[in-house]
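This report covers overall dimensions, the division into domains and one position towards the end of the chain.

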Amino acid sequence: MRTIIKSNEIYTEGGVLNGYIIFEDNKIIDITEEVPVGEIIDYSKYRVIPGIIDIHNHGFGGWSMTDPANKEDIIGFCKSLATVGVTGVLPTAKEEAFVAIHDVMQSDYEGARIHGIHSEGPFWARGGENTIGMTWPTPSLEETKRLVELANGSLKMMAIAPELENAYDVIKYLHSENIKVACCHTKAKSQQIHDAERKVKLDIATHLGNGMQGIHHRDVGALGALLLENNIQYELIADLNHVCSEMMQLMFKCQPYDKFCLISDSNFMAGLPTGRYIRYDREMFSDEKGLILNSDGRICGSGKWVLSNMEKLEKIVKVPFEEIVKMASLNPAKFLGINQNTGSLTIGKEADIVIINHDYEVLRTYIQGKIGFDSAINKKEDFYNHEAMKKKIAEL
Ligand SMILES: [Zn+2]
């Protein structure tokens, strides 16, 4: 079936176009200013952008990837992401969810495409944040091999603190298995970051600025060292709770936009009504600003999603929207090596297309040419996990 969408603002890889985007079955077949023959869906006043690819997402709409999960949870998660324009995702999962994610990936499922599993840890250290009472295992090759085998070929990225003993062995092994290495929750000094980059190579910084030592004028810390390196990508949580606007401006002065991948780092409470929840024996709070705190008052991921953060980047940080769109779609697609097929509105690529209004809300999401969400027909809540919604115990 052929679909023709008209818009004054189509964000193609080559620039913004006032015209038509045409796709047939799952592929974009034309993007043109000429009026095509056929039935035209008129979204003239709205923006047409490529589907968002979120490489760091622990949960959304009541669905959690960092807890025991079954296939229903994974599919619910993928479907709910279409409500916020996400068409591709790396579920950031605990091992209890690996098998179910792998099984779903082998099946014919609806919703955002899973491009692999992201394991944030387990080999962490804590630096630059509230650290009371948290300990983590030291890096172990055996344990890493066990996790890689458990994921059965689906592990795409693992985050590790590179300064820890044995971390280099783990990083070398991950690379030999074609798994991306992220530098995460780390106590590293600047020199330890440079050493790791020289000796074993870090592919990406996990949520740049968070979970690491920040920049001081006598010591640039892990953040400064990561920004000084030229062959590393950066995850960025642009919700303005995790990193302030001026720090983002500083980051973009150090490195070009094409090094940054916008991530949500959301957990299951994102999208749900704000309040106090008890789930999986943990108590957490979420507020309107998108802050999620645990009972110690520590930030536990974000209650916002990438599209919401794109608004902040445009309106407050003043980044051109064309660049923001690339940070949300093309840069993560390139990082994952899937940009031949998706990540931008380009003829020949998959029809992963999102139509948004000027309040940064999704009107319609197409995933590989199929409608995953349509605000004229669907309610977002219909995609949420209703059991999770019952776990709300109080307003804030
Ligand atoms: Zn995370």
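Helices (H or I, at least four residues) and strands (E, at least two) are DSSP runs, numbered from the N terminus. On that basis, helix α11 spans residues 386-389 and includes E387. The model is predicted: local features need pLDDT of at least 70, side-chain atom pairs count only at pLDDT 80 or more, and totals for chains, interfaces and linings use all residues. Residue numbers start from 1 along each chain as its sequence is written.

A residue is buried if 20 or more other C-beta atoms, placed from the backbone, lie within 10 Å of its own, exposed if 12 or fewer, and partly exposed in between. E387 is exposed, because 9 other C-beta atoms lie within 10 Å. Its C-alpha is 7.9 Å from that of G62, although 325 residues separate E387 and G62 in sequence. Of the 396 residues of the protein, 50% count as buried.

The protein has 11 helices and 24 strands. Its C-alpha atoms fill a box of roughly 65 × 45 × 40 Å along the principal axes.

An automatic or database domain assignment supplies the domain bounds. The C-alpha centres of domain 1 and domain 2 lie 28 Å apart. Residues are in contact if their C-beta atoms, placed from the backbone, lie within 7 Å.

| Domain | Bounds (residues) | Residues in the contact |
|---|---|---|
| domain 1 | 2-49 + 347-383 | 16 residues |
| domain 2 | 51-336 | 23 residues |

On the side of domain 1 that touches domain 2, β21 (353-356), β22 (362-367) and β23 (370-374) each supply at least two residues.

Terms used:
Contact = placed C-beta atoms within 7 Å.
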